[in-house]
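Me: I would like a close look at a single part of this model. Please take chain B, its sheet and its helix packing, and then set it beside its partner chain.

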Amino acid sequence: MLRMAEALRRALNLGSSAESEEYTTEAGPPLLLLGGPGSGKTALLFTAALEAAGEGRGPVLFLTRRPLQSLPRGRGAALDPLRLQKIRFQYPPSTHELLQLLCSAHEARGPAPSLLLLDGLEEYLVGDWGPQEVAYLAALLLDTAAHFSHQIGPGQGCGLIVALQIQEQGDSGDALQLSLLQRYFPAQCWLQVDAQGPGQHCLRACLDPGGQGPRAEWWVAFRPDGEMTVTPWPAQAGNPSSDKGSSSEGQP
Amino acid sequence: MAVALPGVTLPSVVEELLSEMAAAVQENAQIPDEHLLSLKFIFGSSAVQALDLVDRQSITLISSPSGRRVYQVLGSSRRTYTCLASCHYCSCPAFAFSVLRKNDSLLCKHLLAVYLSQVTRTCRQLQVSDKQLTDILFTKKKQEA
C-alpha cells in the first residue's frame with residue numbers, strides 16, 4: 001500500500017507512462033517540500049493541487065502569501081476549469097493571519113478539504129521566532145489537517161504538503177528551524193537543481209517517505225515555455241551524481 | 001534522513017506501554033505497579049508529576065461542535081497550558097526547552113498527563129462554541145509571541 005503523500009507522488013508520476021496505478025485515498029504523513037529559490041516548489045504544489053482536485057473528493061485549500069504569477073503550462077486536461085474551481089486559494093498576508101486562519105479552520109462551512117497546501121512557509125517564519133513558535137505553527141498545520149480528516153470521516157483523510165525554501169548552506173538558525181519542522185513532517189521531498197537532467201531547467205526530486213517506504217527520485221524538467229515534465233530518475237545504485245554522459249540528451 | 005519522529009509519534013515502546021496500561025485499567029480499574037515502574041523508568045520524575053496531574057484531574061478535553069479538540073492542563077504553578085490533541089505540542093516552557101531545543105526529553109509532564117488521562121479516562125470534558133475554541137487556540141499564541 002502506498003501511503004506517502006499520494007497527491008505529490010502521483011503528480012511526480014504523471015511523467016511516466018504508468019498512470020493506471022491503484023491509488024489509496026489515505027492521506028499519508030504530512031510532507032515537507034524543500035528546495036532552493038526557483039526549484040519548482042510552487043509548480044509541484046500546484047500540480048499536486050490539480051491532481052487532488054481531479055479525484056472527485058473534497059476541495060483543495062492552497063495557502064500562499066502571494067497569488068501565483070502564472071499557471072503552470074502544458075497540462076491541457078489537468079487545467080480543466082472544473083478542477084481549478086475546486087482549488088480554493090487563500091492569501092494570508094502575515095504570520096498572524098496565517099495562524100488565525102489555521103486556528104479558526106473549524107469554523108469554515110462547506111465540505112472539508114481533501115488536501116491542505118502551504119507554499120512559502122519561510123515567508124511566515126520571519127522575525128525572531130523561537131523554537132516554540134515554529135513548532136506551534138507546524139503543529140497547528142498538522143492539527144488543522146487532522147481536523148479536516150476527522151470531518152471527512154474514516155478511511156480517507158486530508159493530506160498536508162508544505163513548501164519551504166532553504167538556502168544552499170543554511171546558518172545555524174535555519175538548521176534549528178529545519179530540524180524542528182522535520183519533527184512534525186516525517187516525510188520530506190528535496191529538490192535540487194541538476195545540470196545533467198533532460199531539459200532546459202532540470203531538477204532532481206528526492207522523496208523520503210519517512211520510514212514508510214522506499215526513497216524515490218525523479219527528474220523534473222521545465223522547458224523554456226514553462227511546461228513541466230517529470231520522469232523517474234534512472235534506477236541506479238550508489239552515487240546518484242555519477243556522470244554517465246547522460247547530459248547529452250538534455251542539450252538544446 | 002533517519003531521524004526519530006518524536007514530534008508526530010511516540011516511540012513504539014511507549015505506545016505499547018500506554019496501550020497495555022489502557023487494557024489493564026479497563027480490567028482492574030487501576031494501573032498495575034509494574035506499569036508504573038516502567039513509566040518511571042522511561043520518563044523519570046516527569047512520570048510522578050504527570051500522575052499527580054492526573055490524580056488532581058488537571059486535564060480538560062475541550063471540544064466544539066465542529067469536532068475539533070484541544071487539551072488544557074492546569075500546571076502545578078496554576079498556569080494553564082494548551083496541548084494539541086493531534087500531535088505532540090505543549091505550550092509550556094519545558095516542552096520548548098527540553099523537548100524542542102535540547103532534544104533530551106520525549107515529552108513534558110503535561111503531555112504525558114494527557115496520555116495518561118486518556119488511559120485512565122479521567123480527563124474532564126468541556127464543550128465550547130467553535131468561536132471559543134478558535135480563541136483558545138489563537139490567544140495561546142498571542143500570549144507567547
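Reply: What follows is a walk through chain B, then its contact with chain A, then chain A itself.

Bear in mind that this is a predicted model.

Start with the overall makeup of chain B. Its secondary structure comes to six helices and four strands. Along the sequence, the elements run α-α-α-β-β-β-α-α-β-α. The chain has 145 residues, and 35% of them are buried. Contacts in chain B can also be sorted by sequence separation. Of those between residues at least 6 apart in sequence, 54% join residues at least 24 apart.

Now the sheet of chain B. Four strands make an open sheet in the order 3-2-1-4, with mixed pairing. Strand 3 and strand 4 (124–127) of chain B are the edge strands, and each pairs on one side only. From one strand to the next, the twist averages 30 degrees.

Look closer at strand 3 of chain B, residues 80–84. This strand is mostly covered, since four of its five residues are buried. Strand 3 is also an edge strand of the sheet. Its neighbour is strand 2 of chain B, residues 69–74; the two run antiparallel and are joined by five bridges. Two of the residue pairings can be named. Gln72(B) stands opposite Thr82(B). Leu74(B) has Thr80(B) as its bridge partner. Strands 2 and 3 of chain B form a hairpin, with five residues between them. Arg78(B) sits in that turn and has a positive phi of about 70 degrees.

Next, the helix packing in chain B. Two packed helices are described by the angle between their axes and the distance between the axes. Helix 3 of chain B (residues 45–55) packs on helix 5 of chain B (residues 109–120) at an angle of about 55 degrees, and their axes are 8 Å apart. That angle makes helix 3 of chain B oblique to helix 5 of chain B. The crossing of these two helices is right-handed. From helix 3 of chain B, the contact uses Ser46(B), Ala47(B), Gln49(B), Ala50(B), Leu51(B), Leu53(B) and Val54(B). From helix 5 of chain B come Lys109(B), Leu112(B), Ala113(B), Leu116(B), Ser117(B) and Thr120(B). By class, the residues of this contact are eight nonpolar, four polar and one charged.

Now the contact between the chains. Chain B puts in 26 residues and chain A puts in 27 residues. On the chain B side, the elements that give two or more residues are helix 4 (93–101) and helix 6 (130–144). Helix 6 of chain B gives the most, with eight residues. The chain B side of the contact divides into 14 nonpolar, six polar and six charged residues.

Finally, the partner. Chain A has an open sheet of nine strands in the order 3-2-4-5-1-6-7-8-9, and the pairing is mixed. Strand 3 (87–90) and strand 9 (228–232) of chain A stand at the edges. Each has a single partner strand, so one side of each is left without a neighbour in the sheet. Neighbouring strands of this sheet are turned by 20 degrees against each other on average, direction ignored.

Inside that sheet, take strand 6 of chain A (residues 187–193) and strand 7 of chain A (residues 201–208). They pair in the antiparallel sense over six bridges. Gln188(A) has Asp208(A), in strand 7 of chain A, as its bridge partner.

Chain A has a helix pair to look at too. Helix 4 of chain A (residues 95–103) and helix 5 of chain A pack at an angle of about 30 degrees, with axes 9 Å apart. Their crossing is left-handed. Helix 4 of chain A supplies Leu99(A), Leu102(A) and Cys103(A) to the contact. Helix 5 of chain A supplies Leu137(A), Leu140(A), Leu141(A) and Thr144(A). The classes here are six nonpolar, one polar and no charged residues.

One residue of helix 5 of chain A (residues 131–152) closes the tour: Ser149(A). Ser149(A) counts as buried because 22 other C-beta atoms lie within 10 Å, and the cut-off is 20 or more. Ser149(A) is 16 residues from Gln165(A) in sequence, and the two are 27 Å apart in space, C-alpha to C-alpha.

Methods
Residues numbered from 1 in each chain as written. Chains lettered and ligands numbered in written order. Predicted model: local features only at pLDDT ≥ 70, side-chain atom pairs only at ≥ 80, totals over all residues. Axes fitted to C-alpha atoms, helices over the stretch in contact; angles between N-to-C directions. Parallel < 35°, antiparallel > 145°, perpendicular 65-115°, else oblique. Left-handed = near helix turned anticlockwise from the far one by under 90°. Contact = placed C-beta atoms within 7 Å. Nonpolar A, V, L, I, M, F, W, Y, C, P; charged D, E, K, R; others polar. Pairing = 2+ DSSP bridges. Buried ≥ 20, exposed ≤ 12 C-beta atoms within 10 Å, placed from the backbone.
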